[in-house]
Amino acid sequence: MEIFIDLIVGYCALYAVFWLHEVGHGVVYAKYRCKKNPFQVHVPVHMFFSTPMPVDREKAKNLSRKQNFHVGIGGIAANLLFGVPIAFILLAGDFRPSIVYFFFYTFALFHLVEAASYMVINNLLLAGDKLAVQAYKPALRLPFFLAGLAVAALAAIMLVESPSGWRAGYLAAVAVLTLNMCTGRYLFAHKNKTNKTGRPESER
């Protein structure tokens, strides 16, 4: 029963991470008047193929490379905005393991994992939001990569410092999550035609 509850809470934390990532894109789209409600995004129950849709496609097509760059990093920025401070608070504090603590620990860890997977792996195997970085200013990939290593290091610290009873599950979840996310983005990017801004035509 306890394992079942942990799985439900872990799923909710992961769903919240994916939803906030898409809201990060949505906020920037709304700023450029391509979207009315930044909180209305598409994150299915299975979480695959999540997008910031609905978006006004005609207005989105007219965004500049710089604006598309802002849209692209909006999701990563959301991951860092929530993941980094919560991770530091949890690591610095002396909290007793509980279901609430488990939720926030998982929430912060998965935010870091998603951000690091974009900034490191999909920076090398170019895909997903990093396409907009490449299209706007390729030289920015290096600082993103270095920052991604720091984020990955923080995620590794969270894994090491996690309660021993959670550690094996976290390691398995992070490995599966990273593999699925990075592989899925790479295959999607190379299966679908990309436009001049670096955003996949069928994704946005």
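Begin by selecting F18, L109 and M158: of the 40 residues in the largest nonpolar core, these three touch the most other members. The model on screen is a predicted one. Widen the selection to the helices that line this core: α1, α3 (65–92), α4, α6 and α7 (164–191) each supply at least two of its residues. The greatest share comes from α4, which gives 13 residues.

**Stop 1: L109 and its partners**

Centre the view on L109 and display the residues around it. Setting aside neighbours within four places in sequence, L109 is in contact with A155, M158, L159, Y170 and V174. M158 is thus both a contact of L109 and, with F18 and L109, among the core residues that touch the most other members. Now select M53, V55, A60 and V71, which are included in a second, separate core of 9 residues.

**Stop 2: α4 against α6**

Select residues 99–124, helix α4, together with residues 141–161, helix α6. The two axes come within 8 Å and cross at roughly 145°, and the crossing is left-handed. Colour the contact by residue class: the residues divide into 19 nonpolar, 2 polar and 2 charged.

**Stop 3: α3 against α6**

Keep α6 and replace α4 by α3. Here the helices pack at an angle of about 35°, with axes 11 Å apart, and this crossing is left-handed. On the α3 side, select F69, I73, L80, V84, A87, F88, L90 and L91; on the α6 side, select F144, V151, L154, I157, M158 and E161, which the α3 residues meet. By class, the residues of this contact comprise 13 nonpolar, no polar and 1 charged. M158 appears here on the α6 side, and it was met earlier as a contact of L109.

**Stop 4: along α1**

Select residues 2–31, helix α1, and place a distance between the C-alpha atoms at its ends. What span should its 30 residues have at 1.5 Å a residue? The expected value is 44 Å, and the end C-alpha atoms are 43 Å apart, so the two agree.

Within α1, pick V27. V27 counts as partly exposed because its relative accessibility is 43%, a value between the 20% and 50% cut-offs. From V27, draw a line to G75: the residues are 48 places apart along the chain, and their C-alpha atoms are separated by 9.2 Å.

**Stop 5: the loop between α1 and α2**

Continue past the end of α1 to R33, which follows the helix and has a positive phi near 60°. R33 is not a glycine, and its place is in the loop between α1 and α2. At 67% relative accessibility, R33 counts as exposed.

In this loop, select M47 next. The phi of M47 is also positive, near 70°, in a residue other than glycine. Is M47 buried or exposed? M47 is buried, with a relative accessible area of 9%.

Move on to P54, in the loop between α1 and α2 (57–61). Show the backbone from M53 to P54: this peptide bond is cis, with omega near 5°. M53 was met at the first stop as part of the second core.

**Stop 6: pairs distant in sequence**

Three further pairs can be displayed as C-alpha distances.

- Select A132 in helix α5 (residues 130–136). A132 is buried, with a relative accessible area of 0%. The C-alpha atoms of A132 and I73 are separated by 8.0 Å, with their positions 59 residues apart along the chain. I73 is one of the α3 residues that meet α6.
- Select A77 in helix α3. A77 is partly exposed, with a relative accessible area of 42%. A77 and A115 are 38 residues apart in sequence and 8.1 Å apart in space, C-alpha to C-alpha.
- Select F188 in helix α7. At 23% relative accessibility, F188 counts as partly exposed. F188 and F49 are 139 residues apart along the chain, and their C-alpha atoms are separated by 9.3 Å.

To end the tour, return to α4, which gives 13 residues to the largest nonpolar core, and to L109, one of the members that touch the most others.

Technical notes:
Residues are numbered from 1 along each chain as its sequence is written. This is a predicted model: local features need pLDDT of at least 70, side-chain atom pairs count only at pLDDT 80 or more; totals for chains, interfaces and linings use all residues. Side-chain values use heavy atoms; hydrogens and water are left out. Axes are lines fitted to C-alpha atoms, for helices over the stretch in contact, and angles run from 0 to 180 degrees between N-to-C directions. Helices (H or I, at least four residues) and strands (E, at least two) are DSSP runs, numbered from the N terminus. A crossing is left-handed if the near helix is turned anticlockwise from the far one by less than a right angle, and right-handed if clockwise. Ala, Val, Leu, Ile, Met, Phe, Trp, Tyr, Cys and Pro count as nonpolar, Asp, Glu, Lys and Arg as charged, and the others, Gly among them, as polar. The expected span of a helix is 1.5 Å times one less than its number of residues. A nonpolar core is a set of buried Ala, Val, Leu, Ile, Met, Phe, Trp, Tyr and Cys residues joined through side-chain atoms within 4.5 Å. Buried means under 20% relative accessible area, exposed over 50%, partly exposed in between (1.4 Å probe, protein chains only). Contact means heavy atoms within 4.5 Å.
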